[in-house]
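The following paragraphs lead the reader through one protein chain, from its overall form to individual side chains. Please keep the sequence and the coordinates at hand while reading.

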Amino acid sequence: CDALFMAPPAFLRLTVATGNKAYLDYMVEHWWKTSAYLYDKDEHLYYRDSRFIGKTGQHGEKIFWSRGNGWAIAGITNILRELNYNDPLREQYSNLLTKMAQRLTNLQRSDGFWSTSLLAHEQGVAEASGTGFITYAIAEGINMGILNREYFSNVVDRGYKALQSVITNGKLGLV
């Protein structure tokens, strides 16, 4: 699922730079193929890769990696930033962003972090890189006017404070 963060904005930028819609078509096709394979529609989360589908963690939970889901939701915001506001694709990606943001909000720990295994929740291990990506994506969703500021700003504040709490000598811990 990390490819959902890395590649799509580059394909969108190639579309703009070259005027060749084939890059956009390729991005859209592969985004939704990957989503069809790795996205759990009941949990509104992405499996890291095929090795995790059907496996459970030490607490009996499905395994959804916080960093991977952070990559995916940040990838959605990066796509939305590159798409024109009148692009018909925006609605699909905005809806996915909203579903994931709502689900991730419910999985944020009381200390502001997300656990490495998201459904392990409070019993899991706090992890900063997933927390950073998720906090960034929800903040971007708010800034773009897609996510409700009143509802989601507390999530961003708690995530940011959690990240600040693990900076020592200029280095981010719990990664």
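Of the 175 residues of the protein, 48% count as buried. The model under discussion is predicted. It contains 7 helices and 6 strands, and along the sequence these elements follow the pattern α-α-α-β-β-α-α-β-β-α-α-β-β. The radius of gyration is 16 Å, close to the 16 Å that the globule rule gives for 175 residues, so the protein is as compact as a globular protein of that length. Along its principal axes, the C-alpha trace spans about 50 × 35 × 30 Å. Among contacts between residues at least 6 apart in sequence, 59% join residues at least 24 apart.

The interior may be considered next. In soluble globular proteins, nonpolar side chains tend to be buried together. The largest nonpolar core here has 40 residues, of which Tyr46, Tyr93, Met100 and Ile138 touch the most other members. At least two residues of this core are supplied by each of α3 (21-38), β2 (45-46), α4 (66-82), α5, α6 and α7. The largest share, 7 residues, comes from α5. Methionine 100 illustrates how such a member is surrounded: leaving aside its neighbours within four places in sequence, methionine 100 is in contact with Tyr39, His44, Tyr46, Asn69, Ala72, Ile73 and Ile76. Apart from the largest core lies another, of 6 residues, which include Phe113, Ala126, Ala128 and Ala162.

Two helices allow a check of geometry against length. In α4, 17 residues at 1.5 Å a residue should span 24 Å, and the end C-alpha atoms are indeed 24 Å apart, which agrees. This helix is mostly covered, with 14 of its 17 residues buried. Helix α7 (residues 149-165) also has 17 residues, with an expected span of 24 Å at 1.5 Å a residue; its end C-alpha atoms are 24 Å apart, in agreement.

Which residues of α7 are buried? They are Phe152, Val155, Val156, Gly159, Ala162 and Leu163. Because these residues cover an arc of only 125° around the axis, they lie on the same side of α7. The spacing has a general basis: an α-helix has 3.6 residues a turn, so residues three or four places apart point the same way. On the other side of α7, Arg149, Glu150, Tyr160, Lys161 and Ser165 are exposed. The buried residues of the helix pack against α5 (90-107), β3 (114-115), α6 (128-143), β5 (167-168) and β6 (171-172). The N-terminal end of α7 is capped by asparagine 148, a side-chain oxygen of which lies 2.9 Å from the backbone nitrogen of glutamate 150.

Helix α6 is one of the elements against which α7 packs, and two of its polar residues merit attention. Threonine 135 is found in this helix and counts as buried because its relative accessibility is 7%, under the 20% cut-off. The side chain of threonine 135 reaches the backbone oxygen of threonine 131 at 2.7 Å. With neighbours within four places in sequence left aside, threonine 135 is in contact with Trp114, Val156, Gly159 and Tyr160. Among these partners, Val156 and Gly159 belong to the buried residues of α7, whereas Tyr160 is exposed on the other side of that helix. Glutamate 140 also lies in α6. At 18% relative accessibility, glutamate 140 counts as buried. Not counting residues up to four places away in sequence, glutamate 140 touches Thr77 and Arg81.

The loops complete the description. Glutamate 61 is found in the loop between β2 and α4. Is this residue buried or exposed? With a relative accessibility of 9%, glutamate 61 counts as buried. Residues up to four places away in sequence aside, glutamate 61 touches Lys55, Thr56, Ser117, Leu119 and Ala120. With one of these partners, serine 117, the side chain of glutamate 61 forms a polar contact of 3.0 Å. Glutamate 61 and glycine 19 are 42 residues apart in sequence, and their C-alpha atoms are 45 Å apart in space.

Asparagine 20 is found in another loop, between α2 (8-18) and α3. Its relative accessible area is 37%, and asparagine 20 is therefore partly exposed. Asparagine 20 and glycine 75 are 55 residues apart along the chain, and their C-alpha atoms are separated by 21 Å.

Key:
Residues are numbered from 1 along each chain as its sequence is written. This is a predicted model: local features need pLDDT of at least 70, side-chain atom pairs count only at pLDDT 80 or more; totals for chains, interfaces and linings use all residues. Side-chain values use heavy atoms; hydrogens and water are left out. Helices (H or I, at least four residues) and strands (E, at least two) are DSSP runs, numbered from the N terminus. The expected span of a helix is 1.5 Å times one less than its number of residues. Buried means under 20% relative accessible area, exposed over 50%, partly exposed in between (1.4 Å probe, protein chains only). The arc is that of the directions from the helix axis to the C-beta atoms. Contact means heavy atoms within 4.5 Å. A polar contact is a pair of N or O atoms within 3.5 Å; within protein, one must be able to donate a hydrogen and the other to accept it, and residues adjacent in sequence count only if both atoms are side-chain atoms. A nonpolar core is a set of buried Ala, Val, Leu, Ile, Met, Phe, Trp, Tyr and Cys residues joined through side-chain atoms within 4.5 Å. The radius of gyration is taken over C-alpha atoms; the globule rule is 2.2 Å times the number of residues to the power 0.38.
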